[in-house]
Amino acid sequence: MSLLTAQIIALLEDPEAVKVVATTDEQGRPHVVRREGFTVLDDGSLAYAEGLESSQTKSNLLRALWYDRYVAVTVFGKEGAAFQIKGKPVRFDFTSPLYKRFYQAARESYGKDSDITGVWLIAPEEVRNEAFEVRKAEEERTHPYFRHLDRESLKRPLST
Amino acid sequence: MGQNQVGPGLDEVAEKYPEVPKLILLKIDTGLRGVTVTSRAEALAKAENYLFENSRGGKTTYLVDGVLLRDGTSIGKLHFQHELQSLAADHIRSDGSHPYTLDTLDGQFWLLDKDRPVEQVFFSPIPEFYDKKTSRGTAMVDVAKSGPASCLSIIVFGYCHFWRDKRACKYCDLVGNFISGRDDGHTEESLQDIYETVAEALKEEGRWQIFRLTAGSDPRGNLSYDVETEEYIKVLGAIERAVGSKDFNGRLVGSALHKSQWQQLKDAGTVAVEPHIEVWDKDLFDNICPGKAKYGGRGFWLQSAIDAVEVYGRGNVCSQIVGGAELAQPYGFKTIDAALESSLEGVEYLAQRGVTTSFNVLQVSKSSVFFREGQKPASLEYYARLTKGLRDIRRKYRIPVGFNDYRRCGHPDTSFSRIDFPEAVA
């Protein structure tokens, strides 16, 4: 069963939602970039087209595939919705009908000189709701002592 | 360890050399051991149009564009059921090794080691132009071929004077093609075939990124290799006409040429060249590549690659070694340590001069001199070390090899080097 709910899939496929891909290089240094054009396949994996063959993201995704490392995709919707998906790249595709679909979409969106190097498939392993209100509610439930106590909501009128 | 021992298998080598990706080791291992296709997989591949039937002289063979691993790396040549009988007799493989099997599991293609699933694999689609003909009826598939996925290959002429002179490179198994081919040059008609084929091929969206032109060696001419150069220029002209400009990423795998010839080819649209040294050690070069030794010699072959850097720039010139040829017995190195030390010395010498080097896995096929000599392929461990060595030297000298990598040619070491953008290469 896919880890991705209908809400997350809709966000990933919403062109107005911001999507970022986080990877690490050979030294473990983070590399975070904005990407677009995500789709979720029937098997639950994320697919998106990487534009450049020599990009740091491409190398880092390949490193993750070869050496079994994690990457993360975070999607930010309007009105504060945010989900982080951690997973592993499972395939780089530059020949299949899916690749051709992405290639043609790039051409339609950006003109006949646009290009992609291929399509990355990422298998989600963990999903985390990163909306601040959700994280805040969880922390206050599990770690109430992390709050400051001068909050308005905690104030009660002094009894006389 | 001598070259006659199989040595550790895939899992052991992967554990011993964790920096070399296991998928790259698997690619090498499929080249060493071969891949046989089950009837079930053949039927599914045929149903999904991944096999192009090529009939010639009453014999039907399959053309496959490529079979790719998850990372896009291609695996070794496939052998179908009807080829198996001749396969055993026509190839020398590592002692005791058995081929991988390509079968289907739940409707998908998988590579199996005996009965154990190893990796899912994916057929690359047959190019759309393969079943078309030129205006004079030439099958376009006879004019150009995919090799591999993003590279459109054209064999400029099908003969090699080294074979005719009985001085073929000892590992070369192309005798059938390279003796029967014509040596009277391209005609207007044959160039028109190339023009029409390239024009048709380019209609396929998102497919081609580079051209590869190759031929046998032809040392004839006022200046040696002038005839070979002129034929390349004719074909480059036909490609230019089809593309509509000289900006078509023409890559040439040819003989060692003079600097003036490299310049002529650059002016005609070539951007990257590969004069292959094949074997670094001088005595072994003379022994294993007697044609190259006679028609120019090792010094000329090396200087030609170095001269080419002046014309094409660093990262656009690649030599090649046939990995394992230097272990041929009784005249070659006795240990893989000595063999690797020699080869990597040569690779570093060239890298210091701006030339990068790739390697091919030695195949000992029936029509080669090596087959008659009873030579055997090197071990997987040798190739793991060679892959790492070549990649390390490229990183040390920051030389890119993008024109010759996993989807534009497919050598194990250059396929590994694709990870080094942009941190470790220019």
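What does chain B average in pLDDT, the predictor's confidence in each residue from 0 to 100? Chain B averages 93, and 96% of the residues score at least 70. The exception I would point to is residues 1–5 of chain B, where pLDDT stays under 50, and for that stretch the model has 13 contacts beyond four places in sequence, a contact being two residues whose C-beta atoms, placed from the backbone, lie within 7 Å. The model scores ipTM 0.94 and pTM 0.95.

A word on conventions: this is a predicted model, in which local features need pLDDT of at least 70 and side-chain atom pairs count only at pLDDT 80 or more, while totals for chains, interfaces and linings use all residues. Residues are numbered from 1 along each chain as its sequence is written, and chains are lettered from A and ligands numbered from 1 in the order in which they are written.

Turning to chain A, seven strands (DSSP runs of E, at least two residues, numbered from the N terminus) form an open antiparallel sheet in the order β2-β1-β5-β6-β7-β4-β3, where strands pair if DSSP finds at least two bridges between them. Because β2 (30–35) and β3 (39–40) of chain A stand at the edges, each with a single partner strand, one side of each is left without a neighbour in the sheet. Strand β1 (residues 18–24) of chain A is joined to β2(A) by six bridges, the two running antiparallel, and Ala22(A) stands opposite Val32(A) in β2(A).

Finally, the interface: 18 residues of chain B are in contact with 19 residues of chain A.

Note on methods: Helix = DSSP H or I, 4+ residues; strand = E, 2+ residues; numbered from the N terminus.
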